[in-house]
Amino acid sequence: MRNDIVDILLEIGIPAGVKGFTYIYDALELFDTDTYYSNGKICSLYADIAKKRGTTASSVERAIRHAFETATTKGNREVVEQYLDLVNTQNSNLLRTLYLRLKQKEKRHHIPENGCTMQNCIANYAQTECQFRYCGTAI
């Protein structure tokens, strides 16, 4: 998921040079390793990122907010709408939404252990074409 995080943050228009980029990356990694954070403990998330990066929780919050504002005002609107909720633009909601959309993307592109086959798509996913778009199988 690490590469996907970087790719998507850049794609939605968050410059790699802003601190918020790094903090959002850290937040999404923490979401992935501990459900404590993704279930609403955003203040703890800021504090833990701040401790890791040698700054304050309020600086982390502000940098993340600035990064998201940059994406929503200057980024590729179509891509931003794909990954972020533009109605509720609180950091906590944007982080959760981005994390969930990343997980959805990861799930869609995951090749099953028994391989990408026509039989697998029929049996497990009731699809009329390859669910994973790797083999190009049309059923």
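**Exercise 1.** In this predicted model, classify Arg-53 as buried, partly exposed or exposed, and do likewise for its salt-bridge partner Asp-26.

*Solution.* Step 1: Partly exposed means between 20% and 50% relative accessible area. Step 2: Arg-53 has 39% relative accessibility and is therefore partly exposed. Step 3: Asp-26, with a relative accessible area of 3%, is buried. Step 4: The closest N and O atoms of the Asp-26 and Arg-53 salt bridge are 2.7 Å apart. Step 5: Asp-26 belongs to helix α2 and Arg-53 to helix α4, 27 residues apart. Step 6: A network of salt bridges links these two residues with Lys-52.

**Exercise 2.** State which helices the salt bridge of Lys-103 and Asp-32 ties together.

*Solution.* Step 1: The N to O distance in this pair is 3.0 Å. Step 2: Lys-103 lies in helix α7 and Asp-32 in helix α2, so parts 71 residues apart in sequence are tied together. Step 3: Lys-103 is partly exposed at 27%, and Asp-32 is partly exposed at 35%.

**Exercise 3.** Check the span of α2 against the value expected at 1.5 Å a residue.

*Solution.* Step 1: The expected span uses one less than the number of residues. Step 2: For the 15 residues of α2 this gives 21 Å. Step 3: The end C-alpha atoms are 21 Å apart, so the two values agree.

**Exercise 4.** Describe the place of α2 in the largest nonpolar core.

*Solution.* Step 1: The core has 33 residues. Step 2: Seven of them, the largest share, come from α2. Step 3: Ile-24 is among the residues with the most contacts inside the core. Step 4: Beyond four places in sequence, the contacts of Ile-24 include Leu-9, Phe-68 and Leu-98.

How values were computed
Residues numbered from 1 in each chain as written. Predicted model: local features only at pLDDT ≥ 70, side-chain atom pairs only at ≥ 80, totals over all residues. Heavy atoms only, no water. Core = buried A, V, L, I, M, F, W, Y, C linked by side-chain atoms within 4.5 Å. Buried < 20%, exposed > 50% of the residue type's maximum accessible area, 1.4 Å probe, protein only. Helix = DSSP H or I, 4+ residues; strand = E, 2+ residues; numbered from the N terminus. Contact = heavy atoms within 4.5 Å. Salt bridge = Lys/Arg side-chain N within 4 Å of Asp/Glu carboxyl O.
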